[in-house]
Amino acid sequence: MRALRAAVVGGLALGAAPGPRAPGGHVPRAQDAPLLVFAAADLREVLPELAAAYRRAGGDSVVVTFGATGDLALQIANGAPADLFFAADEAAVARLTAQHAVVERTRRLYAIGRLALAVSPAAGANQAGAAGAPPRLADLARASVRTVAVADPARAPYGRAAREALERAGLWAQVGPKVVYTPNVAQAYRVVQDGNADAGFVSRAALSRAAPASYALVDTTLYAPIRQAAAVVAASRRQDAASRFLDYTTGSAGFAVLRRYGFAPPPGGLAAAPAAAPR
């Protein structure tokens, strides 16, 4: 197992960075400042679209910082000035709830993520599978496949799902030595797309706009459901505004966008959509 030097970068950021900290670790922010959202890396494609739609509907502007769920949860637990957290792992939000770092009444499941196996355009069918055929997990055991990108399982639920799928398929002993870990699932997609890994495990959502040479969804019976949860941050001074964006994103209008990116609805259905305009 190796670390891929090119992939060791932090989370992706969209928009302005948060301002300087005040004494005591909190950032003074005006009520009309953009909402600061921490979001799992698998939302890198979809959340900007949701934020733009929300703004057009009269809602607040939103700034999003993306990263591995485990990294972002740790930052929130240590007082990072976020207003809202979209995790890819409900356990991370549950732990923050136990620590009183998020508002328990706002905690909810918002989607089920899907794991996909992607093949680099540079590697193509010669490396990972037959020409024109979608890749299979078994293809990763071929000698021609030298590197497989996986998000760090200790930080990213998609990485845990990938390892679990390989183990249940009886392939971990053969494929494990080829694995290169990335900080999050968005970086796993990037190194595959750039040809720095022959194949990799990515989120279905990442494939919506720029698919690699070929990909296939991983059989959902091979890994535990990726249950994604969100909650308003307890230290936020804009909890009402954060709740409104959470309601919008997890309501019927927001989930229509999530579904387009490959997310499945949570068990029990969607949260009620806001009846009025976002403001």
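Ala 118 of strand β7 stands opposite Tyr 215 in strand β11, and that pairing is a good place to start looking around. Strand β7 covers residues 115-119 and β11 covers residues 214-217; helices (H or I, at least four residues) and strands (E, at least two) are DSSP runs, numbered from the N terminus. Four bridges join β7 to β11, and the two run antiparallel. Two strands pair if DSSP finds at least two bridges between them. β7 also pairs with β10 (residues 199-203), again in the antiparallel sense, over five bridges. There, Leu 115 has Ser 203 as its bridge partner.

A word about the model: it is predicted, with local features needing pLDDT of at least 70 and side-chain atom pairs counting only at pLDDT 80 or more, while totals for chains, interfaces and linings use all residues. Residues are numbered from 1 along each chain as its sequence is written, and side-chain values use heavy atoms, with hydrogens and water left out.

Back to β7: five of its five residues are buried, where buried means under 20% relative accessible area, exposed over 50%, and partly exposed in between (1.4 Å probe, protein chains only). Leu 115, Leu 117 and Val 119 point one way from the strand, whereas Ala 116 and Ala 118 point the other way. Residues on both sides of β7 are buried.

Now step out to the whole chain. It holds nine helices and twelve strands, and 53% of its 279 residues count as buried. Among contacts (heavy atoms within 4.5 Å) with a separation of 6 or more, 78% are between residues 24 or more positions apart.

Helix α7 (residues 185-193) brings us back to β7. Seven of the nine residues of α7 are buried, including Val 185, Tyr 189 and Val 192. The buried residues of α7 pack against β7, β8, α5 (157-168), β9 (179-182) and β10. At the N-terminal end of α7, Asn 184 acts as a cap, with a side-chain oxygen 3.0 Å from the backbone nitrogen of Ala 186. After the helix comes Gly 195, whose phi is positive, near 80°.

Asn 184 and Val 185 also help to line the largest cavity. On a 1 Å grid over the protein atoms alone, a cavity is a set of points where a 1.4 Å probe fits but cannot get out, and lining residues have an atom within 4 Å of a point. Grid points are joined across faces, edges and corners, and a volume is the space filled by probe spheres set on the points. The count comes to two cavities of 30 Å³ or more. The largest has a volume of about 50 Å³, and its lining divides into eight nonpolar, three polar and one charged residue. Here Ala, Val, Leu, Ile, Met, Phe, Trp, Tyr, Cys and Pro count as nonpolar, Asp, Glu, Lys and Arg as charged, and the others, Gly among them, as polar. The second largest cavity, at about 30 Å³, is lined by four nonpolar, three polar and three charged residues. Asp 42 and Tyr 158 are among the residues lining the largest cavity, and they are also among those lining the second largest.

Thr 69, another residue in the lining of the largest cavity, lies in helix α2 (residues 69-77). Thr 69 counts as buried because its relative accessibility is 3%. A polar atom of its side chain lies 2.9 Å from the backbone nitrogen of Ala 88; a polar contact is a pair of N or O atoms within 3.5 Å, and within protein one must be able to donate a hydrogen and the other to accept it, with residues adjacent in sequence counting only if both atoms are side-chain atoms. Not counting residues up to four places away in sequence, Thr 69 touches several others, including Ala 40, Phe 85, Asp 89 and Pro 157.

A second threonine makes a nice companion. Thr 249 is found in helix α8 (residues 239-250) and, at 1% relative accessibility, counts as buried. A polar atom of the Thr 249 side chain lies 2.9 Å from the backbone oxygen of Phe 245. Leaving aside neighbours within four places in sequence, Thr 249 is in contact with Leu 50, Phe 86, Gly 254, Phe 255 and Leu 258.

Our last stop is Asp 139, in the loop between α4 (124-128) and β8 (148-151). Asp 139 counts as buried, at 2% relative accessibility. A polar atom of the Asp 139 side chain lies 2.8 Å from the backbone nitrogen of Arg 136.

Note on methods: On a 1 Å grid over the protein atoms alone, a cavity is a set of points where a 1.4 Å probe fits but cannot get out, and a pocket is an open set with protein on both sides within 12 Å along at least five of seven lines; lining residues have an atom within 4 Å of a point.
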